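This report examines selected features of a single molecular structure. The sequence and the coordinates are shown first for reference.

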Amino acid sequence: MEKPVRVLVVDDSRTIRALIRRSFEQYPDIVICGEAANPIEARDLIIKDQPDVITLDVEMPGMNGLQFLDKIMRLRPIPVVMVSSLTARGADTAITALQMGAFDCFAKPASVVGTDAFAGLARLVRLAAQSDPAAKPRRRDPNSVPDVQRSWAHWFELVAIGASTGGVEALELVLAGFPRQSPPIIVCQHMPALFTASFAKRLDQKIEALSIREARDGEILAPGCVRIAPGGDRHVAVERRDGRCMTTFLKSAPVNGHCPSVDVLFDSIAKQVGNDALGIILTGMGQDGAAGLLAMHRAGAQTIAQDKASSVVYGMPRVAAEIGAASRIVSLDQISAAAMTARALT
């Protein structure tokens, strides 16, 4: 039997710590090696117990979760799963944490009565234990951008990107590599409903070249814009109307356990846009998006998958590569350049 994952739980609420402990007790492969009510206590336990993973409350008195996360990542990198309340403030802070290097964010449920409120946290902890928080993606050299920016804007009618765990940081890196003269870009990133609005706002503030917003139902997709599929209970797809691509929201059950689903988005683009599209699949657990990317590939679209070495979780791009859905497999820091030269290389 493999060694169990040793977890340090950091939360100022005794109740929350007890609920997490109770949830983990049913899994023999996860052991809580310590509990802390604040970052000061946690600092001492990190030195003493050397945990494999830390679950960290976003908002705590004194030094907050972000300040402590910054210290962890700079001084002693350990995989961290942020635990955040589903509030506007909590969502914005969680997005910041993911951009700082947190492995993922688990949303605290609104009610913890009568349920195993932290049932999904164990899966994140297991995956986090397999990650390397010290391995940061390299920032692309701006002088290495291929001189095809004007052509890139006209080579594709639409670009679609799918991502999950690790995608917050990956998407920022990829989108920052695209110029103002870019085709319309639509993104499906797995995250809770309240988080996607904060994520889109944060990206728009950091990436000046592109206009980044949450997608709206019935919106025409224009060059230079990036639209993020809202989390929640509706899938986002693309349809063609009067010769132009636009978003459409579909109310249906989750696909591959997700809503919105990357597969639903990619499938619609394969049918509506065909060989005038580009599909990109990034880091993430599971297989959502792999079949849809294959549909795009078979429809003549160019397709790119992130490689194993640069993926936080090599799940979605791994399956896409295994089934032959990717025209090219490249490292994260090369994806924007690969996208802008994809048509030139065919």
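The sections below treat an annotated residue, the salt bridges, a strand hairpin and the cysteines of this predicted model.

## The annotated aspartate

An unreviewed UniProt entry carries the annotation "modified residue: 4-aspartylphosphate", and this annotation covers D57. According to the record, then, D57 is the modified position; the annotation may be inferred rather than shown by experiment. Within the model, D57 belongs to strand 3, which spans residues 53–57.

Is D57 buried or exposed? Its relative accessibility is 5%, and D57 therefore counts as buried, the cut-off being under 20%. Leaving aside residues up to four places away in sequence, D57 touches V10, D11, D12, G65, M82, V83 and K108. Two aspartates, D11 and D12, and a lysine, K108, are thus included among the contacts of D57.

## Salt bridges

Side chains of opposite charge can pair when their charged atoms come close. The model holds 15 salt bridges, of which three are described here.

One of them joins E35 to R21, with 2.6 Å between the closest N and O atoms. Because E35 lies in strand 2 (residues 30–36) and R21 in helix 1 (residues 14–24), this pair ties together parts that are 14 residues apart in sequence. Both residues are partly exposed: E35 has a relative accessible area of 26%, and R21 has a relative accessibility of 32%. The pair also belongs to a wider arrangement, as R17, R21 and E35 are linked in a network of salt bridges.

A second salt bridge is formed by R202 and D92, whose closest N and O atoms are 2.8 Å apart. R202 is located in helix 8 (residues 193–206) and D92 in helix 4 (residues 88–100), so the pair ties together parts that are 110 residues apart in sequence. The two partners fall into separate accessibility classes: R202 is buried, at a relative accessible area of 14%, whereas D92 is partly exposed, at 32%.

R43 and D44 supply a further example, with the closest N and O atoms 3.6 Å apart. R43 is partly exposed, with a relative accessible area of 45%, and D44 is likewise partly exposed, with a relative accessible area of 44%.

## The hairpin of strands 10 and 11

Strand 10 (residues 234–241) and strand 11 (residues 244–251) run antiparallel and are joined by 8 bridges. Which residue of strand 11 is the bridge partner of V238? That partner is T247.

The hairpin has 2 residues between its strands. At D242, the backbone takes a positive phi near 55°.

## Cysteines

A disulfide is a covalent bond between the sulfur atoms of two cysteines. How many disulfides does the model hold? The count is 0.

C188 illustrates this result: C188 is in no disulfide, and the nearest cysteine sulfur, that of C259, is 8.8 Å away. For a disulfide, the two sulfur atoms would have to lie within 2.5 Å. C188 counts as buried, since its relative accessibility is 1%. C105 also counts as buried, at 9% relative accessibility.

Technical notes: Residues are numbered from 1 along each chain as its sequence is written. This is a predicted model: local features need pLDDT of at least 70, side-chain atom pairs count only at pLDDT 80 or more; totals for chains, interfaces and linings use all residues. Side-chain values use heavy atoms; hydrogens and water are left out. Helices (H or I, at least four residues) and strands (E, at least two) are DSSP runs, numbered from the N terminus. Buried means under 20% relative accessible area, exposed over 50%, partly exposed in between (1.4 Å probe, protein chains only). Contact means heavy atoms within 4.5 Å. A salt bridge is a side-chain nitrogen of Lys or Arg within 4 Å of a carboxyl oxygen of Asp or Glu. Two strands pair if DSSP finds at least two bridges between them.
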